[in-house]
Amino acid sequence: MPHNPLRRLSQLVFARALHARACIGVIIAFSGAIAVTVLRAPPASAQNVPPASSQNAPFRLEEATIADVHRAIRARQVTATSLVEEYFERIAAFNGPCVNGAVDPASGFQLGDVEPRERAGQINALMTLNVRGKRSKTDSADNDPNMPDALEVARALDADFEQTGRLKGPLHGIPFAIKDQFDTFDMRTTSGAAANYANDRPPRDAEVVARLRKAGAIILAKANMGEYASGDRSTFGGTTCNPYDTSRSAGRSSGGSGAAVAANLVMCALGEETGPSARNPAANNSLVGIVATHSVVSRAGLVPASLSRDRPGILCRSVMDAATVLSVVAGYDPRDSATAASIGQVPGRTYQSFATRNYLHGARIGVVREFMKSFSKADEDSIRIGNQAIADLAKLSATIVDPGPDGSLFGKAIAELLPGLDAPMLASVYQELFAGGTVIAATSVNLTGQTAALPSELSLRMLSEYQPPNPGEGLYVLDLYLRDRGDKNIRNVRDLIGQSTFYNHAPIDGVTLPPKARLEGMFTRTERFTKKSDGSAFVRKTPITGFDANGWTVTRMTLQMLVNKVMVDNRLDALVYPTKNIPAPLLANPVEPANIKVAKDTVTATIDGEEYVRTVERVTDATAPLTWRLSPNGGFPTIVVPAGFTREVYDRDVVKTPDGGKKAGDLVGPKPVELPVSIDFLGRPFSEPVLVKIANAYERATRHRRPPRDFTR
């Protein structure tokens with residue numbers, strides 16, 4: 001087993017503080033035709049949901065809420081210090097390596113292929129603990145008194161409480177994990193990379209981290225992540241595993257944050273979402289996840305992946321806790337101009353104050369059936385659970401606006417709006433609509449409002465998954481972050497490439513490229529041709545010199561106009577659908593194919609006087625092997641809530657390629673595995689209070705969240 005300094009470190013920290021626990025007394029127990037369903041009165045069971053814990057119950061660490069902790073502190077059952085110590089104990093027990101793979105003797109990292117392990121008993125979710133002397137590779141002395149570690153912060157909170165009898169803030173003493181994508185002035189921040197920074201600590205906190213600290217939160221650790229916000233592993237941190245099945249993904253790039261909360265290594269965590277990366281770990285780990293309207297929470301101090309889609313995500317075990325965190329981090333930040341749009345839109349009371357209703361009388365919820373179409377046996381169980389969630393919402397007296405299993409809420413609106421809003425997308429993806437020499441504007445006029453004239457596969461599903469060309473976007477945002485960070489060694493992306501150690505692996509269907517290849521891809525476009533005369537292969541590499549992220553702006557405007565129109569026309573308070581239809585996939589293995597229908601075009605090029613050809617795939621219908629991207633691509637607020645567990649799962653057989661890669665083969669299964677399934681509640685921009693009401697009522701009525709068995713004492 002690879003050496004794990006974090007595990008040994010947490011053991012030492014826990015041992016160092018054992019004497020304090022002896023006197024605390026903590027107990028640990030370880031719309032075509034749209035059908036509308038209306039129920040007139042909430043069931044009695046929904047009106048009388050018992051509280052999660054009674055006022056006088058002994059404190060239990062596992063599954064504790066913020067309110068539980070604050071009750072216990074006021075009752076002198078626990079202190080912030082004892083709470084941190086208890087979490088360090090769990091980290092020592094469960095945060096070890098969880099995959100098989102050779103360890104490079106020079107670096108101590110797993111740099112090559114890895115293979116998953118069942119019942120590993122470890123999840124490797126946290127990569128750096130907030131312990132003085134161990135939280136920076138460039139400052140081993142770590143003796144700055146202005147940088148207290150987690151236990152020192154906890155002791156200061158305890159002293160203040162003893163003196164004043166008051167909690168410092170709404171997050172007093174609550175231990176958090178912070179995805180390594182967020183700057184922390186006292187802990188190394190490298191977005192998971194083994195990068196040779198002159199100072200691996202950034203000069204200041206990310207704004208969201210600063211707000212957590214001000215509210216009394218304790219930053220316990222930096223969470224492992226997919227390096228540079230993609231994949232299940234990082235060079236520095238290794239691979240994170242899912243606590244419900246350690247052979248499976250914890251949720252891609254924010255998986256460390258999600259796994260840590262699910263296994264009760266921390267109370268809440270910050271993740272980040274550019275595509276699926278906050279809702280995906282929420283779904284895979286039976287958590288509540290909140291991503292707010294794009295301009296509500298600051299991105300300042302975030303190692304970026306996109307100019308317009310990055311968003312902090314909140315991961316907790318209850319709607320109330322996640323809403324409490326949102327109240328702390330929401331609001332205008334001069335360092336992020338996008339948050340100016342939140343002025344006047346953030347409510348005058350806390351978000352958690354909206355989490356009071358146990359039923360949904362008067363709420364109208366639309367079902368996005370476009371996201372509930374089955375394409376293989378692999379997605380049937382999640383869709384079954386999604387249908388049960390819709391039935392449960394109806395039992396809570398919500399009005400369910402459902403177009404039916406083969407219906408579409410969005411078909412008419414797409415025909416009315418898309419030809420005018422994004423004709424270039426239509427012309428590039430559905431070329432058959434635009435004959436050669438056609439005036440695109442004239443054809444778009446003829447298509448506008450004509451649902452029958454558009455391809456049957458054109459739906460909200462395709463629009464949500466569509467990714468417009470965005471040359472130069474990733475390079476711009478990462479270079480800008482590095483310039484502003486001001487490190488002497490690493491000033492730009494080329495320095496990152498030259499001064500980092502990288503893991504690598506052979507290609508895997510549906511799994512992101514290794515980080516070095518992704519960084520190099522910011523500079524060079526690679527095209528593979530076949531020579532016409534003799535069939536020989538030729539690879540052309542062309543420098544990327546352009547910079548254009550406008551495609552994402554058009555995509556967001558299009559999705560927002562579509563969603564706003566459909567919700568207003570149908571008087572909807574929220575949309576609902578399964579967060580993802582495919583449960584957590586096996587680590588380091590092919591995922592369910594995303595492309596449902598593909599057209600193949602032949603491109604001819606003359607290079608040095610010779611003719612070459614290449615085949616270009618044009619995706620005309622797609623599904624989501626991870627989570628649906630309507631929320632991030634449209635910037636919509638969304639709350640993820642646990643909806644149940646699978647009865648069985650299907651995976652893809654692995655077909656090995658000559659270069660050692662893994663291609664997706666036939667479906668293999670069923671296998672009796674219980675994996676978490678969640679639903680999304682999505683609303684119009686700035687509708688977070690409404691979503692909190694709905695999500696809280698559903699959670700109280702169903703209570704699907706349960707901790708992972710192998711990590712429960």
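Here are three short exercises on local features of this predicted model, each with a worked solution. Residues are numbered from 1 along each chain as its sequence is written, and local features need pLDDT of at least 70, side-chain atom pairs count only at pLDDT 80 or more, and totals for chains, interfaces and linings use all residues. Side-chain values use heavy atoms, with hydrogens and water left out.

**Exercise 1.** Find where E63 lies and what is notable about its phi.

*Solution.* Start with the backbone: E63 is not a glycine, yet its phi is positive, about 70°. Next, place it: E63 sits in the loop between α3 (44-47) and α4 (66-74). Helices (H or I, at least four residues) and strands (E, at least two) are DSSP runs, numbered from the N terminus. Finally, E63 counts as partly exposed because its relative accessibility is 24%; buried means under 20% relative accessible area, exposed over 50%, and partly exposed in between (1.4 Å probe, protein chains only).

**Exercise 2.** Is A588 buried or exposed, and which loop holds it?

*Solution.* First, look at the backbone: A588 has a positive phi of about 55° although it is not a glycine. Then find the loop, which runs between β18 (574-578) and β19 (595-607). Last, with a relative accessible area of 18%, A588 is buried.

**Exercise 3.** Which strand holds P670, and what is the geometry of the peptide bond from G669 to P670?

*Solution.* Begin with the strand: P670 belongs to β23 (residues 662-671). Now check omega: it is near 5°, and the bond from G669 to P670 is cis. For context, most residues other than glycine have a negative phi, and most peptide bonds are trans.
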